[in-house]
Amino acid sequence: MELIKATAEDLDALVDRWYTLARSMEAYDELNELVYADVDEVPDDGFRDHLDDENVTDYLIVNESEPIGFVTLRKGHHASRQYSQYLRIVNLAIDEGYQSRGHGTEVVERVKAMAREQGCDHLTVSCEWENESARRFYRETGFQPKQVDYAQSLE
């Protein structure tokens with residue numbers, strides 16, 4: 001399994017996989033409701049912006065020459081903390097036919113190695129509170145709960 005840095009040629013693949021991931025998140029909270037009825041309506045602007053952002057990188061997850069998912073990473077820092085340099089997993093999605101085969105765990109291991117190479121001292125990730133399978137996955141790959149984000153609709 002490899003993490004291949006995405007290029008402009010990969011934007012459609014990223015958008016398709018993001019849309020599938022985002023659609024699956026709608027079930028967890030009304031604040032996740034998409035404005036796009038179909039993947040063809042989704043602009044690639046967000047991923048295109050990532051190509052120019054030195055702190056955000058998208059990777060295709062490739063297994064035996066076949067893309068099977070994607071991961072988005074964002075580098076950041078907390079200047080006032082002892083553990084100040086982090087790499088955040090923003091998106092992690094494995095295509096449905098490849099889930100539960102250890103690919104996600106392997107991605108996390110690769111991301112850990114990348115973070116160390118970049119001088120980071122910790123990883124962060126978040127997931128929907130009600131998404132117990134994601135919470136279990138992250139606990140099983142060594143993440144510990146640290147804080148809880150709260151959201152409130154203003155409508």
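Start by selecting helix α1, residues 11-25, and helix α2, residues 45-52; in this predicted model the two pack at an angle of about 125°, and their axes are 9 Å apart. An angle of that value makes α1 oblique to α2. Turn the view until one helix lies over the other: α1 passes α2 in a right-handed crossing.

Next, show the side chains where these helices meet. On α1, pick L11, L14, V15 and W18; on α2, pick F47, R48 and L51. These residues make the contact. Colour them by class and the contact of α1 with α2 shows 6 nonpolar residues, 1 charged residue and no polar ones.

Now follow the chain out of α1 and stop at E30, in the loop between α1 and α2. Is E30 buried or exposed? Its relative accessibility is 65%, so E30 counts as exposed. For a long-range distance from here, select R101 as well: E30 and R101 are 71 residues apart in sequence, and their C-alpha atoms lie 30 Å apart in space.

Move on to the largest nonpolar core, which has 22 residues. Select L3, I61, V71, I89 and V107, the members that touch the most other members. To see where the core comes from, colour β2 (56-63), β3 (66-77), β4 (85-94), α3 (103-117) and α4 (132-140); each of them supplies at least two residues. Which element gives the largest share? That is α3, with 5 residues.

Keep V71 selected and display its surroundings. Leaving aside residues up to four places away in sequence, V71 touches L3, T57, D58, Y59, I61, I89, N91, L92 and V107. Apart from the largest core lies another core, of 14 residues. Among its members are L11, L14, V42 and F47. Of these, L11 and L14 of α1 and F47 of α2 were already picked at the helix contact.

For the last stop, go back to I61, one of the neighbours touched by V71. I61 is found in strand β2. How accessible is I61, and is it buried or exposed? The relative accessibility is 0%, and I61 therefore counts as buried. Finish with one more distance, from I61 to A8: the two are 53 residues apart along the chain, and their C-alpha atoms are separated by 16 Å.

Conventions:
Residues are numbered from 1 along each chain as its sequence is written. This is a predicted model: local features need pLDDT of at least 70, side-chain atom pairs count only at pLDDT 80 or more; totals for chains, interfaces and linings use all residues. Side-chain values use heavy atoms; hydrogens and water are left out. Axes are lines fitted to C-alpha atoms, for helices over the stretch in contact, and angles run from 0 to 180 degrees between N-to-C directions. Helices (H or I, at least four residues) and strands (E, at least two) are DSSP runs, numbered from the N terminus. Angles under 35 degrees count as roughly parallel, over 145 as roughly antiparallel, 65 to 115 as roughly perpendicular and the rest as oblique. A crossing is left-handed if the near helix is turned anticlockwise from the far one by less than a right angle, and right-handed if clockwise. Contact means heavy atoms within 4.5 Å. Ala, Val, Leu, Ile, Met, Phe, Trp, Tyr, Cys and Pro count as nonpolar, Asp, Glu, Lys and Arg as charged, and the others, Gly among them, as polar. Buried means under 20% relative accessible area, exposed over 50%, partly exposed in between (1.4 Å probe, protein chains only). A nonpolar core is a set of buried Ala, Val, Leu, Ile, Met, Phe, Trp, Tyr and Cys residues joined through side-chain atoms within 4.5 Å.
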